[in-house]
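Grab a coffee and work through a few short exercises on how one protein packs together. Try each task on the structure before you read its solution.

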Amino acid sequence: MNDANDFDPGHCRIDSVSLYMETLKARMAPEQYDVLAQAVHETAHLIAEGHQAGPVGDLSAFTPEVQREYATVLAILLTGRMDHRLVEMPGPDGSPGFAIVEASTADAPVRLQEIREHHHHWATERQAVDNELDGIARASGLSNDG
């Protein structure tokens with residue numbers, strides 16, 4: 001058996017996530033770590049079963065710190081890499097937000113601004129579609145009443 005042919009990228013991803021989770025356990029409040037660990041565990045199972053990852057667990061317990069670390073762990077789980085960075089990415093209305101980007105992008109202010117503008121454009125379009133769908137739903141509800 002040749003060890004070079006037995007390389008399992010999924011195993012390396014799990015090792016990277018485990019290493020990162022250990023560092024989080026040492027620096028996060030225990031109750032926050034528990035929320036994060038449960039979410040990561042549930043998400044890993046969803047992905048392993050071929051489902052899309054989505055919000056799991058008690059979302060009210062997802063403090064901003066837990067949200068940021070959850071996003072970071074997901075990036076490690078999905079890419080197998082630990083060289084990405086979390087950057088502030090506020091919404092078009094100024095609401096707080098963040099994005100996970102490659103380190104080279106995080107160090108390129110022009111590129112970050114392009115990403116922010118693209119995100120704002122997408123969010124604005126999405127809000128317009130949501131508003132239109134809400135209007136259709138309300139109109140449909142009104143027509144069913146009469």
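**Exercise 1: Start from one leucine**

Task: Which residues does L36 touch, leaving out those up to four places away in sequence?

Solution: Click on L36 and look around its side chain. With sequence neighbours up to four places away set aside, L36 touches M21, L24, M28, V66, E69 and Y70. Keep in mind that this is a predicted model. Next, place L36 in its wider setting: the largest nonpolar core has 16 residues, and L36 is among those that touch the most other members, along with V17, M21, L24, V40, Y70 and V73. Now ask where the core comes from. Helices α1 (9–27), α2 and α3 each supply at least two of its residues, and α3 gives the most, with six. There's also another core lying apart from this one, made of six residues, including V87, M89, A99 and V101.

**Exercise 2: Describe a helix pair**

Task: At roughly what angle do the axes of α2 and α3 cross, and which residues of the two helices meet?

Solution: Two packed helices are described by the angle between their axes and the distance between the axes. Take the geometry to begin with: α2 covers residues 30–48 and α3 covers residues 64–79, and their axes come within 10 Å and cross at roughly 35°. The crossing of α2 past α3 is right-handed. Then list the contacts. From α2 you have Q32, V35, L36, A39, V40, T43, A44 and I47, and they meet E65, V66, E69, Y70, V73, L74, L77 and L78 of α3. Sort these contact residues by type and you get twelve nonpolar, two polar and two charged.

**Exercise 3: Find the aromatic pair**

Task: How many aromatic pairs does a search of the whole structure find, and are F62 and Y70 buried or exposed?

Solution: The search turns up one pair. Its partners are F62 and Y70, arranged edge-to-face, with 5.4 Å centre to centre and 75° between the planes. For burial, the cut-off is under 20% relative accessible area. F62 has 11% relative accessibility, so F62 counts as buried. Y70 is also at 11%, so Y70 counts as buried too.

**Exercise 4: Zoom out**

Task: What pattern do the helices and strands follow along the sequence?

Solution: Count the elements and you'll find five helices and two strands. Reading along the sequence gives α-α-α-β-β-α-α. Finally, two overall figures: buried residues make up 24% of the 146 residues, and of the contacts between residues at least 6 apart in sequence, 48% join residues at least 24 apart.

Definitions and conventions
Residues are numbered from 1 along each chain as its sequence is written. This is a predicted model: local features need pLDDT of at least 70, side-chain atom pairs count only at pLDDT 80 or more; totals for chains, interfaces and linings use all residues. Side-chain values use heavy atoms; hydrogens and water are left out. Axes are lines fitted to C-alpha atoms, for helices over the stretch in contact, and angles run from 0 to 180 degrees between N-to-C directions. Helices (H or I, at least four residues) and strands (E, at least two) are DSSP runs, numbered from the N terminus. A crossing is left-handed if the near helix is turned anticlockwise from the far one by less than a right angle, and right-handed if clockwise. Contact means heavy atoms within 4.5 Å. Ala, Val, Leu, Ile, Met, Phe, Trp, Tyr, Cys and Pro count as nonpolar, Asp, Glu, Lys and Arg as charged, and the others, Gly among them, as polar. A nonpolar core is a set of buried Ala, Val, Leu, Ile, Met, Phe, Trp, Tyr and Cys residues joined through side-chain atoms within 4.5 Å. Buried means under 20% relative accessible area, exposed over 50%, partly exposed in between (1.4 Å probe, protein chains only). Rings of Phe, Tyr and Trp (its six-membered ring) pair if their centres lie within 6.5 Å; planes under 30 degrees apart count as stacked, over 60 as edge-to-face and the rest as tilted.
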